[in-house]
Amino acid sequence: MKALRNYIDKVKPNFMPGGKYEKLRSTFGGFETFLFTPNTTNQPGGVHVRDAVDLKRNIIVVVLALIPALLFGMYNTGYQHYHMTGETATFWETFGYGFLTVLPLLIVTYVVGLGIEFSVAQMRGEEINEGFLATGMLIPLIVPADVPLWMVAVATAFSVIFAKEVFGGTGMNIWNPALIARAFLFFAYPSKMSGDSVWYGAGEAVDGFTGATALSLAGSGNYETYSFNDAFLGFIPGSIGETSALAILIGAVLLLCTGVASWKTMCSVFVGGAVTAFLFNQFGPDIECLNPETGKMEINAVGAMAHLPWMQHLVIGGFCFGAVFMATDPVTSCRTETGKYIFGLLIGAMAIIIRVLNPGYPEGMMLAILLMNTFAPLIDHFIVGRNIAMRKNRVKANK
Amino acid sequence: MSELFSKKNKEAFLNPLGSNNPVTVQVLGICSALAVTAQLEPAIVMGISVTVIVAMANVIISLLRKTIPNRIRIIVQLVVVASLVTIVSEILKAFAYDVSVQLSVYIGLIITNCILMGRLEAFAMQNGPWESLLDGIGNGLGYAKILIIVAFFRELLGSGSLFGYQIIPNCAYEAGYVNNGLMLLAPMALVIVGCIIWWQRAHNKDLQEK
C-alpha cells in the first residue's frame, strides 16, 4: 500500500497544471481517489456541510447491494442452461458456466461506459464521476444472458452519451441510464430481447422443453408452470439479475439500512403494484372469451394476465428489481418526500397496467419507470407549489 | 447581372443551407423530417417537392404582395400553397406512384409545413420575386439537405441498405450483425437531428448561446 502511495506521489506532479500530462489530469484524479481517500480539506473559515457519505460511498453501497443478485444470476444462468440441455452438473460447474457467461457482459459494459465517461470528463476538464460504477453493474443484470456483446456495447454507449452526458453527466440525467440501455436493446434488437429462445445460453434444448419466461407463460394462462416459491427464489428463466426476489430483497435491506435508497419509494412501488394487480384479479376481463371465427371459447391474453394472482405479479419479471434498484435512483426519482409516495405508487400501478393491458410488452416495469422518470420533476413542482401556497395561507391566517 | 447576384441575394440563397438552416437552427418542419426519413428515396422526393413548392409559392406571393389586403393575407397564402401542393401531389401520383404511396399523407401535409408559411410571411411579403425565388430554393434545399442526411443514417443502420440496395454484406449478418430496429422508429430520427444540431453548434460560434 505504502509503495503504491509513494509511486502516486512521485508521478503526481506530471499531471498537475504545467506538468507533462496535464491533459490527463482528471483520469489521474479518478484513479487516485479510487485508490486513496483524498487528502485535500476545505479552507478554514466559512460554513461547509460535511458528511462522510459522499457520492462515492453511495455508489459503492449500491454496487454491494447488487452483489447477491449478481451471484445468484450467475448461478441461475448455469442452472437454466443445464436444465435446458438436460445434463446434470455439480454446483461449481453450474456456477462456473454462469460466471463465464456473465463476466464478459460486465467487462464490456464497464470498458465501454467508463471509457466514454473518462474521455468526456477529459474533454470538459472535470473530475470523473463515480455514477457509472452502479450503472455498469445494473446493465448486465437486466439483459438476457446470451445477448451478443456488441449489442450491449452499442446500448451502453448510446445510454451513456444520449441519456447522461448530453444532459450534463452524473446527477443531471432525466432518465435512468441503465433502463435507457435496456430500452434501446428492446426496441432496436427485439429478436434478441424477447421471445422464447433468448433466455438460455447456447445449446440444443431437450424435446418438449419450452423456453418462455414466466411472464409470457402467464399471458397464455399457464400460471402453474413456475410456482410462487420458484419465482421467489429465482429458479426461473429471465434476465440475469431479475429472477430472484430473495437475492434482490437482501440487497434492498442493505440499501434501506444504509439509507441510500428511500423506503418511501420502494414500499409504495410494491403497494401500487399489489393494489392494481388485486383490482385486476377482482374486476379484470374474463380469462376465456368467445372467438367469433372458430366459435370456441379461447384464452385471451389480457384476461389471462389480469387473473395472474397478485402475489405472483410481484415476484416475476423485473418488478422486484425495478422497485428496489431502479425506482429508488435518487437522481431520477422525485426529490420531495410526498412526491416519493406518488412516484412509487404510479410506477407500481403503471407497470401492472402495461403488463396486463398490452400483451405486446410483457415487461411493463421498464416502461413504467422511464415514464415516471419523465414526470418526476412535474410531481415535485406541484408539491413544492402546494407547500408554498399552504405556508402563505398560514401567514395570512396569523396576521 | 451583378445586381441579380448581389451579396444580399447570395445570402438569401446560402444562409438557409448553413448558418440559418430551417430545420437545425429555426427548428421548423421537424414533423415531416421524422416521418419520411426511414428511407432515402422518399426523403429525396419530399425534399424536392418542398423546394419546388416553397420556391413557386414565394414567387407568386411576392408578385401579389402589394395587392393582398393585409387582413386576409394568411388565407391568400394558404390558397396559393394548397394549389401548389395539389399540383405536386397529382404529378407524383402520375409519374412516381410508388413513392407517392410511401409518402402518403405527408405530401398533402406540406401545407402545414412551418417552413412554407414562415418564408411567405417573413420573406416573400417584403421582397421582390427574384429574391424570393432564391430564398425559397435555398430554404427548400436546406430542408432537403437535413432530410437526406437523416435518411442516409436511418436507412443504412436500420435496413442495411441505401435506395433499397443492400449495402451491408451478407457475411456481416452471418457473423451476427443485426439491423437496428430503433433506427426505423421516429425517436431515432429526432436523436440524429439532435446530433446534427450538436455538430453544427460545435463548429459555428455564432450559434452558441452564452
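**Two chains and what links them**

Okay, let's start with one cysteine: C320(A) has a relative accessibility of just 3%, so it counts as buried, the cut-off being under 20%. Now compare C257(A), which sits at 66% and counts as exposed. Before going on, please keep in mind that this is a predicted model. And how many disulfides turn up over all chains? The count is zero. As a reminder, a disulfide is a covalent bond between the sulfur atoms of two cysteines.

Next, the place where the chains meet. Ten residues of chain A are in contact with twelve residues of chain B. Together the two chains bury about 840 Å², and 78% of that is on carbon and sulfur atoms. On the chain A side, the residues losing the most area to chain B are W150(A), F162(A) and F187(A), which make up 41% of what that side buries. Which helices do the touching? In chain A, α6 (149-163) and α7 (177-188) each supply at least two residues of the side facing chain B, and α6(A) gives the most, with five residues. Sorted by class, that side of chain A has ten nonpolar residues, no polar ones and no charged ones. As for links across the interface, the rule finds zero salt bridges, and one residue pair is in polar contact.

So where are the salt bridges? Over the whole structure, the search finds five. Let me walk you through a few.

In chain A, K164(A) pairs with E117(A), with the closest N and O atoms 3.0 Å apart. This one links distant parts of the chain: K164(A) is in the loop between α6 and α7, E117(A) is in helix α4, and they are 47 residues apart. Are these partners buried or exposed? K164(A) is buried at 2% relative accessible area, and E117(A) is buried at 4%.

Then there's E337(A) with K340(A), at 3.3 Å between the closest N and O atoms. Both residues lie in helix α16 (residues 337-357) of chain A, three residues apart, about one turn of the helix. E337(A) is partly exposed at 40%, whereas K340(A) is buried at 14%.

Over in chain B, E121(B) and R73(B) meet in a salt bridge, 2.9 Å from N to O. Again the pair links distant parts of the chain, with E121(B) in helix α7 (residues 114-124), R73(B) in helix α4 (residues 73-95), and their positions 48 residues apart. Both are partly exposed, E121(B) at 25% and R73(B) at 23%. And back in chain A, salt bridges that share partners join K264(A), E337(A) and K340(A) into one network.

Let's stay with chain B for its overall layout. There are ten helices and two strands. From the N terminus on, the order is α-α-α-α-α-α-α-α-β-β-α-α. Of its 210 residues, 42% are buried. Among contacts with a separation of 6 or more, 75% are between residues 24 or more positions apart.

One small oddity there: V27(B) has a phi near 50 degrees, a positive value in a residue other than glycine. You'll find V27(B) in the loop between α1 (7-14) and α2 (30-35), and it is partly exposed at 47%.

Last stop, E93(A), in helix α4 (residues 91-124) of chain A. Leaving out residues up to four places away in sequence, E93(A) touches Y82(A) and T88(A). E93(A) is partly exposed, at 43% relative accessibility.

Definitions and conventions
Residues numbered from 1 in each chain as written. Chains lettered and ligands numbered in written order. Predicted model: local features only at pLDDT ≥ 70, side-chain atom pairs only at ≥ 80, totals over all residues. Heavy atoms only, no water. Contact = heavy atoms within 4.5 Å. Buried area = accessible area lost by both parts, 1.4 Å probe. Salt bridge = Lys/Arg side-chain N within 4 Å of Asp/Glu carboxyl O. Polar contact = N/O pair within 3.5 Å; in protein donor to acceptor, adjacent residues only side chain to side chain. Helix = DSSP H or I, 4+ residues; strand = E, 2+ residues; numbered from the N terminus. Nonpolar A, V, L, I, M, F, W, Y, C, P; charged D, E, K, R; others polar. Buried < 20%, exposed > 50% of the residue type's maximum accessible area, 1.4 Å probe, protein only. Disulfide = S-S within 2.5 Å.
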